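Biologist: Could you walk me through one part of this model up close? I'd like the ligand site, and then whatever else you can tell me about the fold.

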Amino acid sequence: MGTVELRGLKKSYGQVQIIHGIDLTVDPGEFLALVGPSGCGKSTLLRMVAGLETVSAGEIVFNGKVVNSLDPKQRNVAMVFQNYALYPHMSVRENISLNLRLSGVSKSEMERRVNDAARLLHIDAILDRRPSQLSGGQRQRVAMGRAIVRNPAVFLFDEPLSNLDAKLRVMMRAEIKALHQKVKTTSIYVTHDQIEAMTLADCIAVLNGGRIEQIGSPIELYNNPANKFVAGFIGSPAMNFIPGKVENSQAIVDRVSRGLPSVPLADIANGTSLEFGIRPEHLRLSDGEDGLPATVLQVDQTGSQTHVIADVLGSPVTVVLEGMVILNPDEKVKLSAKVDDIYLFTAGDGKAVGPRQHLG
Ligand SMILES: Nc1ncnc2c1ncn2[C@@H]1O[C@H](COP(=O)(O)OP(=O)(O)OP(=O)(O)O)[C@@H](O)[C@H]1O
Ligand SMILES: [Mg+2]
């Protein structure tokens, strides 16, 4: 197991800077998810850690040793890619053992490792098939097997499940989690699926435009996002934002009185523009006078929940209600939330403000 540290890591392609100075530590055995929108630099960062991409500035440190100048083989990392990168003309067994063969491991040792990995990944029965004779999920397992047999200090995953259908993705996600609990190899897992990150990772780093917005446990990011970007990225369906302002040292929503509970906010100047953030699962139907006036636009029943999209003051707002709630398009409702479930962000730079910042 290894510690991975990134110190002031930067990457430019020509004049264009892609990664703007990343500082990050992954502890031994930790599973870190790197999330962020498409093009934010996740793969670039991972490829630098793997040694597949040069570093423009900063250091990559494994177990206290700078590895910038080491080639991928010398770094003892194994990478699992989105497209699996299996050799079509080789059997599963040959694909899995290829790197071991090249590194000169004895035949008996190689057989033992391949068989162990195959058992762990439930692919013992398909070791003699070719990749073209496998399902997507089986190919994915073979790619994982190839990484595991090398017994690397660090696993690097770049969206390994994004080519699988939804059901298989959930299954493989559970398998990766179980696998990590067994082998406890330090892992960095790139995904733009925040549910995958939330369920798999001990720690999540949210990347945006080549910069880290926040690092923390899934629950920390969900409960205490540092800014509007993280708040909108972590949690599904995404958080709703409603414009507001500070008046008499209280945060209130614009254009409707008592639409949401006001939040005491003494340290921000009156008149400052804000955004209220409310998660879909924290909104409910209000039967009293208070609440945001809303018009139902769309209702989706999942069986266990009712997902509603409603128009609130001209903007769509998502509401997730427990159970089967009967609502119809064009129906007028009022939406309310508890004061403790309200997040506040400055309208300018999107920084989180207000009492939630002090809640656990
Ligand atoms: N070899 C390259 N030369 C020039 N620009 C590149 C190169 N590789 C990547 N980029 C640019 O760097 C940025 C980050 O790319 P990267 O592949 O790291 O994004 P990503 O976060 O992995 O996105 P996705 O979620 O779509 O995979 C993009 O703007 C991309 O166009
Ligand atoms: Mg990528």
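**A close look**

Modeller: Sure, though keep in mind that this is a predicted model. Let me warm up with one pair in the sheet: V299 has V308, in strand 17, as its bridge partner. That pair belongs to strand 16 (residues 292-301) and strand 17 (residues 305-312), which run antiparallel and share six bridges. Zoom out and you get an open sheet of five strands, ordered 15-19-16-17-18, with antiparallel pairing. Strand 15 (284-285) and strand 18 (315-322) are the edges, each pairing on one side only.

Now the ligand site. Around ligand 1 sit Y13, I18, P37, S38, G39, C40, G41, K42, S43, T44, E159 and H192. Helix 1 (residues 42-50) gives the most to that shell, with three residues. For polar contacts to oxygen atoms of ligand 1, T44 has a polar side-chain atom at 2.5 Å, S43 has one at 2.8 Å, and G41 uses a backbone N or O atom at 3.0 Å. On its own, ligand 1 exposes 640 Å², and the protein buries 56% of that.

Elsewhere, take a look at helix 4 (residues 136-148). Its 13 residues reach 18 Å from first C-alpha to last, close to the 18 Å expected. Helix 4 is mostly covered, with 10 of the 13 residues buried, including Q140, R141, M144 and R146. The buried residues of helix 4 pack against strand 6 (77-80), helix 2 (92-103), helix 3 (107-120), strand 7 (154-158) and helix 5 (166-183).

Methods:
Residues are numbered from 1 along each chain as its sequence is written. Chains are lettered from A and ligands numbered from 1 in the order in which they are written. This is a predicted model: local features need pLDDT of at least 70, side-chain atom pairs count only at pLDDT 80 or more; totals for chains, interfaces and linings use all residues. Side-chain values use heavy atoms; hydrogens and water are left out. Two strands pair if DSSP finds at least two bridges between them. Helices (H or I, at least four residues) and strands (E, at least two) are DSSP runs, numbered from the N terminus. The expected span of a helix is 1.5 Å times one less than its number of residues. Buried means under 20% relative accessible area, exposed over 50%, partly exposed in between (1.4 Å probe, protein chains only). Contact means heavy atoms within 4.5 Å. A residue is near a molecule or strand if one of its heavy atoms lies within 4 Å of it. A polar contact is a pair of N or O atoms within 3.5 Å; within protein, one must be able to donate a hydrogen and the other to accept it, and residues adjacent in sequence count only if both atoms are side-chain atoms. Accessible areas come from the Shrake-Rupley method with a 1.4 Å probe; for residues, only the protein chains shown count as cover.
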